[in-house]
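Work through the exercises below with the sequence and the structure at hand. Each task is followed by a solution in steps.

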Amino acid sequence: MTSTPNLEGKYQLKTLHAEIDLLDRRLAHLLKYDTFETEAARDAAARKIATKREPLAQTAKRLASEGVEYKESELPRSFRPEGVPAPVEVKAQPEAAPEMLAAGAENRNTRRHSSAHTGAVLDWEKSVAQYMQAKKN
């Protein structure tokens with residue numbers, strides 16, 4: 001089974017975008033919330049993340065320039081223009097036919113009111129009714 005290089009590149013680019021976005025979020029968290037003894041320690045930690053991110057960003061930009069397909073919603077926030085939120089993909093739900101809805105409701109009601117164990121040892125409705133009757137006496 002052979003796969004096309006374009007398809008491999010598509011999934012590779014999607015993975016790269018996800019990794020870049022993760023590193024962007026880690027960097028933002030580090031700069032905003034993490035505490036360090038010195039500013040030099042903070043800068044070293046930020047450089048370490050940026051060093052990991054840079055080759056990924058270069059590869060992702062190269063793949064995109066080579067024409068590998070990607071969805072706008074999968075772009076890392078740092079690749080989007082300033083102030084532009086991520087596009088949201090909305091998947092339409094297929095409409096169910098009225099006959100299917102009526103059949104589903106009918107089956108549900110039937111299941112509620114009858115039991116496959118009616119008259120058998122596992123007939124819980126009968127045992128509950130007997131219990132309630134005995135409790136009244």
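The exercises go from the whole chain to single residues of this predicted model.

**Exercise 1. The chain as a whole**

Task: State which elements the chain has, and how confident the prediction is along the chain.

Solution.
Step 1. The chain contains four helices and zero strands. Read from the N terminus, the order of elements is α-α-α-α.
Step 2. The mean pLDDT of the chain is 80, and 67% of the residues reach 70 or more.
Step 3. Confidence is highest in H2, with a mean of 95, and lowest in H3, with a mean of 56. Where pLDDT is low, the predicted coordinates should not be read in detail.
Step 4. Of the 137 residues in the chain, 17% are buried.
Step 5. Take the contacts between residues at least 6 apart in sequence: 61% of these join residues at least 24 apart.

**Exercise 2. The geometry of H2**

Task: Compare the expected span of helix H2 with the distance between its end C-alpha atoms. Then find where H2 bends and what follows it.

Solution.
Step 1. Helix H2 covers residues 39–65, which is 27 residues.
Step 2. The expected span is 1.5 Å times one less than the number of residues, so H2 should span 39 Å.
Step 3. The end C-alpha atoms of H2 are 37 Å apart, which agrees with the expected span.
Step 4. H2 has a bend of about 25° at Arg 53, and the proline Pro 55 follows within four residues.
Step 5. After H2 comes Gly 67, which has a positive phi near 95°.

**Exercise 3. Buried residues of H2**

Task: Which residues of H2 are buried?

Solution.
Step 1. The cut-off for buried is under 20% relative accessible area.
Step 2. The buried residues of H2 are Arg 42, Ala 45, Ala 46, Ile 49, Arg 53, Leu 56, Ala 57, Ala 60 and Leu 63.
Step 3. For the spacing in this list, recall the helical repeat. An α-helix has 3.6 residues a turn, so residues three or four places apart point the same way.
Step 4. Arg 53 has a relative accessibility of 16%, and therefore counts as buried.

**Exercise 4. Asp 24 and Arg 53**

Task: Describe the surroundings of Asp 24, then those of Arg 53.

Solution.
Step 1. Asp 24 is in helix H1, residues 5–32, while Arg 53 is in helix H2.
Step 2. Asp 24 is buried because its relative accessible area is 17%.
Step 3. A polar contact of 2.5 Å joins the side chain of Asp 24 to the side chain of Arg 53.
Step 4. The side chain of Arg 53 also makes a polar contact with that of Ser 78, at 2.8 Å.
Step 5. Leaving aside neighbours within four places in sequence, Asp 24 is in contact with Arg 53, Pro 76 and Ser 78. With the neighbours left out in this way, Arg 53 is in contact with Ile 20, Leu 23, Asp 24, Ser 78 and Phe 79.

**Exercise 5. Salt bridges**

Task: How many salt bridges are there? Describe the one between Lys 14 and Glu 74, and the one between Arg 25 and Asp 21.

Solution.
Step 1. The count comes to six salt bridges.
Step 2. In the pair of Lys 14 and Glu 74, the closest N and O atoms are 3.8 Å apart. This pair links distant parts of the chain, 60 residues apart: Lys 14 lies in helix H1, and Glu 74 lies in the loop between H2 and helix H3.
Step 3. Lys 14 is partly exposed, at 42% relative accessible area; Glu 74 is also partly exposed, at 22%.
Step 4. Arg 25 and Asp 21 form a salt bridge of 3.6 Å, N to O. Both lie in helix H1, four residues apart, about one turn of the helix.
Step 5. Asp 21 is buried, with a relative accessible area of 14%, whereas Arg 25 is partly exposed, at 40%.
Step 6. Asp 21 and Arg 25 also belong to a network of salt bridges with Arg 77.

**Exercise 6. A loop residue**

Task: Is Asp 34 buried or partly exposed, and what does Asp 34 touch?

Solution.
Step 1. Asp 34 lies in the loop between H1 and H2.
Step 2. The relative accessible area of Asp 34 is 29%, so this residue is partly exposed.
Step 3. Not counting residues up to four places away in sequence, Asp 34 touches His 29 and Arg 42.

Definitions and conventions
Residues are numbered from 1 along each chain as its sequence is written. Side-chain values use heavy atoms; hydrogens and water are left out. Helices (H or I, at least four residues) and strands (E, at least two) are DSSP runs, numbered from the N terminus. Buried means under 20% relative accessible area, exposed over 50%, partly exposed in between (1.4 Å probe, protein chains only). A polar contact is a pair of N or O atoms within 3.5 Å; within protein, one must be able to donate a hydrogen and the other to accept it, and residues adjacent in sequence count only if both atoms are side-chain atoms. Contact means heavy atoms within 4.5 Å. The bend at a residue is the angle between axes fitted to the seven residues ending there and the seven starting there. A salt bridge is a side-chain nitrogen of Lys or Arg within 4 Å of a carboxyl oxygen of Asp or Glu. pLDDT is the predictor's confidence in each residue, from 0 to 100.
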